[in-house]
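Grab a pencil and work through these exercises one at a time. Try each task before you read its solution.

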Amino acid sequence: MTAAVAASGLAVAYGGGRPALERVEFELAAGSSLCVLGPNGGGKTTLFRALTGELAPLRGTVSVAGGRPAYLAQTERTRLDFPVSALDVALMGSLANGRWWLPARRSDRATARAALDRVGLADRAGDRFGELSGGQRQRVLLARAIVQDARVLLLDEPLAGVDPASAERIERLFGELRDEGRALLVSTHDVDSARAFDRVLCVNHDQIAFGAPADVLSREVLERTYGAEIVVLDEPGPDGTVRAVTVQHHHHDH
Ligand SMILES: Nc1ncnc2c1ncn2[C@@H]1O[C@H](COP(=O)(O)OP(=O)(O)OP(=O)(O)O)[C@@H](O)[C@H]1O
Ligand SMILES: [Mg+2]
């Protein structure tokens, strides 16, 4: 197997201090999905920033196949608050392919519209981005990541602030993107949703666990990952995973 995404002995630090994230070691194949779990401050965003190359490893290595990954940053919903339409934002995905100084081609527009349709927002293409709800903005940014057509997608809490019906649609979309042969990394606070992924990575400053959901989603691993922030709802089911929810987490922009 050639990994689409890999980290080995990875440690990442901000400035000269103690690393924010250490001892990260995993591989993800093309056409598979990874759920990244961890408490607030656990290092999920730090991992993504190391994978985009924005933060250089203090130790160890990262590799991402196929050039620049598409990255949906956690904080971007509020940053893009200027007078552009939803379609304009989705179109920005094609700028990543190197034609930013030219007017959008008809084919780019068609691609951007198709991506808005995939996130259930075809009818909002002309709406001003800044006047959409937080969840709708998040879906537009997901459309932009799709337009980028990268082999690897890094989505940092893409479902935060998204209503349940849209979340369901987007989770279906994750499956489609994976079936198209992309590698998909998704961070979330929704422990229950992790079982739908091919792999789960738990981080809490250190890597706590990596593997198939049935192996990773145990009471012991979840308690080490979240400490007091986890509530385990019941005992393991036949697949060995437990049902659990996190408490006390808050999203940065609500
Ligand atoms: N720009 C920064 N400068 C210094 N330290 C930082 C910076 N960003 C994050 N950190 C620290 O790195 C650690 C990991 O933070 P990170 O943002 O990766 O956590 P997270 O898992 O994404 O949390 P959340 O669920 O709240 O998004 C935290 O201790 C945090 O304080
Ligand atoms: Mg984060």
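**Exercise 1. Find where R137 sits in this predicted model, and work out what its side chain reaches.**

Solution. Start with the location: R137 is part of helix 5. Next, check the cover. The relative accessible area of R137 is 13%, and the cut-off for buried is under 20%, so R137 is buried. Last, follow the side chain, which reaches the backbone oxygen of G130 at 2.8 Å.

**Exercise 2. Do the same for Q136: say where it is, whether it is buried or exposed, and what it touches.**

Solution. Q136 also has its place in helix 5, which runs over residues 134-147. With 16% relative accessibility, Q136 counts as buried. Its side chain reaches a backbone atom, namely the nitrogen of S133, at 2.9 Å. Now set aside the neighbours within four places in sequence: Q136 is then in contact with L121 and R124.

**Exercise 3. Decide how many disulfides the structure has, using C35 and C202 to explain the result.**

Solution. First the count: a search of the whole structure turns up zero disulfides. Now take C35 and look for the closest cysteine sulfur. That sulfur belongs to C202 and lies 8.0 Å from the sulfur of C35. A disulfide needs the two sulfur atoms within 2.5 Å, so this pair is too far apart for a bond. Going the other way gives a matching answer: starting from C202, the closest cysteine sulfur is in C35, at 8.0 Å. As for cover, C35 is buried at 0% relative accessibility, and C202 is buried at 0% as well.

**Exercise 4. Name the residues that coordinate the magnesium ion (ligand 2), and place them along the chain.**

Solution. Two atoms do the coordinating: OG1 of T45 and OE1 of Q74, at 2.0 to 2.1 Å. T45 belongs to helix 1 (residues 44-52), while Q74 is in the loop between strand 5 (70-72) and helix 2 (76-79), so the pair ties together parts that are 29 residues apart in sequence. Compare their cover next. T45 is partly exposed, at 22% relative accessible area, whereas Q74 is buried, at 14%.

**Exercise 5. Look along helix 1: which residues there are buried, and what happens just after it?**

Solution. Walk along the helix and pick out the buried residues: K44, T46, L47, F48, A50 and L51. Then step just past the end of helix 1, where G53 takes a positive phi of about 90°.

**Exercise 6. Find P39 and list what it contacts beyond its sequence neighbours.**

Solution. P39 is in the loop between strand 3 (33-37) and helix 1. It is buried, with a relative accessible area of 6%. Leaving out neighbours within four places in sequence, P39 is in contact with K44, H189, V203, N204, T225, Y226 and E229. Pick H189 from that list and check the spacing: P39 and H189 are 150 residues apart along the chain, yet their C-alpha atoms are separated by 7.4 Å.

**Exercise 7. Count the aromatic pairs, then describe how each one is arranged.**

Solution. The structure has two aromatic pairs. One of them is F26 with F210, a tilted pair with 5.8 Å from centre to centre and 45° between the planes. F26 is in strand 2 (residues 21-29) and F210 in strand 9 (residues 206-211), so this pair ties together parts that are 184 residues apart in sequence. F26 is buried, at 3% relative accessible area, while F210 counts as partly exposed, at 27%.

Now for F174 and F197. Their ring centres are 6.3 Å apart and their planes are at 50°, so this pair is tilted too. F174 lies in helix 6 (residues 164-179) and F197 in the loop between strand 7 (183-188) and strand 8 (199-204), which puts them 23 residues apart. F174 and F197 are both buried.

**Exercise 8. Step back and describe the chain as a whole: its secondary structure, its buried share and its surface.**

Solution. Begin with secondary structure: the chain has eight helices and eleven strands. Of its 254 residues, 49% are buried. For contacts between residues at least 6 apart in sequence, 66% join residues at least 24 apart. Finally, the accessible surface comes to about 11400 Å², with 50% of it belonging to carbon and sulfur atoms.

Technical notes
Residues numbered from 1 in each chain as written. Chains lettered and ligands numbered in written order. Predicted model: local features only at pLDDT ≥ 70, side-chain atom pairs only at ≥ 80, totals over all residues. Heavy atoms only, no water. Buried < 20%, exposed > 50% of the residue type's maximum accessible area, 1.4 Å probe, protein only. Helix = DSSP H or I, 4+ residues; strand = E, 2+ residues; numbered from the N terminus. Polar contact = N/O pair within 3.5 Å; in protein donor to acceptor, adjacent residues only side chain to side chain. Contact = heavy atoms within 4.5 Å. Donors = N, O, S within 2.8 Å, 3.2 Å for Na, K, Ca; no water. Areas by Shrake-Rupley, 256 points an atom, 1.4 Å probe, with all protein chains shown as cover. Phe/Tyr/Trp six-rings, centres within 6.5 Å; stacked < 30°, edge-to-face > 60°.
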